[in-house]
Amino acid sequence: MTVEISKSRFKARALEYFREVERTGQPITITDHGRPTLEIRPLEKKTGARDALERLRGSVKSYERPFEPVDDADWDALN
C-alpha cells in the first residue's frame, strides 16, 4: 500500500518521511493538487563487481590456444 502525501505536508516533515521509507521499505507518493508527481522509495541494492564474478565462476570455458586464430568450428555458439 502506497502512502500519498501532499507536497506542502511533505516539505514540513521530509526527514521524518525519509526515515519511514528507510525503516519500512514502503514507497511514499508525493502529490501536487491531488495528482501524484513524485515517489520516494528505497534504492535497490546493486551487485558489486565481486558478486558478478562469483555468479560467473565456473561458467567460463578455457581456451587452450589463446594466441591462435579462432575458427568457426571453435565457437560453441555457432554450432
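A residue counts as buried when its relative accessible area is under 20%, and as exposed when that area is over 50%. The exercises below apply this to a predicted model.

**Exercise 1. How many of the eight residues of helix α3 are buried, and what follows the helix?**

Solution. Step 1: take residues 49-56, which make up α3. Step 2: count the buried ones; the count is zero, and the helix is hardly covered. Step 3: move past the end of α3 to G58, whose phi is positive, near 85°. Step 4: set this beside the whole protein chain, where 13% of the 79 residues count as buried.

**Exercise 2. List the elements of the protein chain from the N terminus on.**

Solution. Step 1: count by type, which gives three helices and three strands. Step 2: read them in sequence order, giving β-α-α-β-β-α.

**Exercise 3. Work out the order and pairing of the strands in the sheet.**

Solution. Step 1: the sheet is open, its three strands have the order β1-β2-β3, and the pairing is mixed. Step 2: β1 (3-6) and β3 (35-40) each have a single partner strand, so they stand at the edges and one side of each lacks a neighbour in the sheet. Step 3: from one strand to the next, the twist averages 35°. Step 4: take the pairs in turn. Four bridges join β1 and β2 in the parallel sense; E4, for example, has T29 in β2 as its bridge partner. Five bridges join β2 and β3 in the antiparallel sense, and I28 is partnered by I40 in β3. Step 5: β2 and β3 also form a hairpin with two residues between them, and H33 in this turn has a positive phi of about 55°.

**Exercise 4. Is T29 buried or exposed, and which residues does it contact beyond four places in sequence?**

Solution. Step 1: locate T29 in strand β2. Step 2: its relative accessible area is 10%, so T29 is buried, the cut-off being under 20%. Step 3: leaving aside neighbours within four places in sequence, T29 is in contact with T2, V3, E4 and I5, and also with P36, L38 and E39.

**Exercise 5. Which residues form the largest nonpolar core, and which elements give two or more of them?**

Solution. Step 1: the core has seven residues, namely I5, F10, A14, Y17, V21, I28 and I30. Step 2: the elements that give two or more residues are α2 (14-24) and β2 (28-32). Step 3: the largest share, three residues, comes from α2. Step 4: follow one member, V21. Apart from neighbours within four places in sequence, V21 is in contact with Q26, I28, I40, R41 and P42.

**Exercise 6. Describe the two aromatic pairs in the structure.**

Solution. Step 1: decide what to record. A pair of aromatic rings is described by the distance of the centres and the angle of the planes. Step 2: a search of the whole structure finds two aromatic pairs. In one, the rings of F10 and Y17 have centres 6.0 Å apart and planes at 15°, so this pair is stacked, as the cut-off for stacking is under 30 degrees. Step 3: F10 and F18 are edge-to-face, with 5.7 Å centre to centre and 75° between the planes. Step 4: the ring pairs link F10, Y17 and F18 into a cluster. Step 5: check the cover. F10 and Y17 are both buried, whereas F18 is partly exposed, with a relative accessible area of 37%.

Notes:
Residues are numbered from 1 along each chain as its sequence is written. This is a predicted model: local features need pLDDT of at least 70, side-chain atom pairs count only at pLDDT 80 or more; totals for chains, interfaces and linings use all residues. Side-chain values use heavy atoms; hydrogens and water are left out. A nonpolar core is a set of buried Ala, Val, Leu, Ile, Met, Phe, Trp, Tyr and Cys residues joined through side-chain atoms within 4.5 Å. Buried means under 20% relative accessible area, exposed over 50%, partly exposed in between (1.4 Å probe, protein chains only). Contact means heavy atoms within 4.5 Å. Two strands pair if DSSP finds at least two bridges between them. Axes are lines fitted to C-alpha atoms, for helices over the stretch in contact, and angles run from 0 to 180 degrees between N-to-C directions. Rings of Phe, Tyr and Trp (its six-membered ring) pair if their centres lie within 6.5 Å; planes under 30 degrees apart count as stacked, over 60 as edge-to-face and the rest as tilted.
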